[in-house]
Amino acid sequence: MGFKLTGHSGFAEEGEDIVCAGISVLAINTVNSIEQLTKQQFTMNDDEQSGDLEVRLASPAQEDTALLIESMILGLTMIRKQYGNNYITLKFEEV
């Protein structure tokens, strides 16, 4: 289990893009919360230039970790609802 964010939203110019900023805050807060508030082991790869972030859990999600990820998904869903599908796409996959 994990999550991956790729690219920029394209809502506005770099530095002015509130959609991208909102997505980034949710993702970074989720990573920080998993690290600080759970015992879940994970790996993270990020690239500030491209906007990519990938988090992979080392084992099945603990209950607290799953809740944090679900909270992030809720926030992302609300951003998509507010600003439209043109700026954020959510894909759910089993791997």
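How exposed is Glu-54, in terms of relative accessible area? In this predicted model, Glu-54 is partly exposed, with a relative accessible area of 24%. The side chain of Glu-54 meets that of Arg-56 in a salt bridge, with a distance of 3.1 Å from N to O. Arg-56 is likewise partly exposed, at a relative accessible area of 33%. Because buried residues must fall under 20% relative accessible area, neither Glu-54, at 24%, nor Arg-56, at 33%, counts as buried. The structure contains one salt bridge.

The largest nonpolar core comprises 17 residues. Those with the most contacts inside this core are Phe-3, Leu-5, Ile-23, Ala-27, Leu-53, Ile-69 and Leu-76. Two or more residues are contributed to the core by each of the strands β1 (2–5) and β3 (52–57) and the helices α1 (18–37) and α2 (63–83).

Strand β1 presents two faces: Phe-3 and Leu-5 lie on the covered one, whereas Gly-2 and Lys-4 lie on the uncovered one. Both residues of the covered face, Phe-3 and Leu-5, are among the core residues with the most contacts. The strand β1 pairs with β3 in the antiparallel sense, over four bridges. Within this pairing, Leu-5 has Leu-53 of β3 as its bridge partner, and Leu-5 and Leu-53 are both listed among the core residues with the most contacts.

Another residue of that group is Leu-76. When neighbours within four places in sequence are set aside, Leu-76 is in contact with Ile-23, Leu-26, Ile-88 and Leu-90. One of these partners, Ile-23, also belongs to the core residues with the most contacts.

Notes:
Residues numbered from 1 in each chain as written. Predicted model: local features only at pLDDT ≥ 70, side-chain atom pairs only at ≥ 80, totals over all residues. Heavy atoms only, no water. Core = buried A, V, L, I, M, F, W, Y, C linked by side-chain atoms within 4.5 Å. Buried < 20%, exposed > 50% of the residue type's maximum accessible area, 1.4 Å probe, protein only. Contact = heavy atoms within 4.5 Å. Pairing = 2+ DSSP bridges. Salt bridge = Lys/Arg side-chain N within 4 Å of Asp/Glu carboxyl O.
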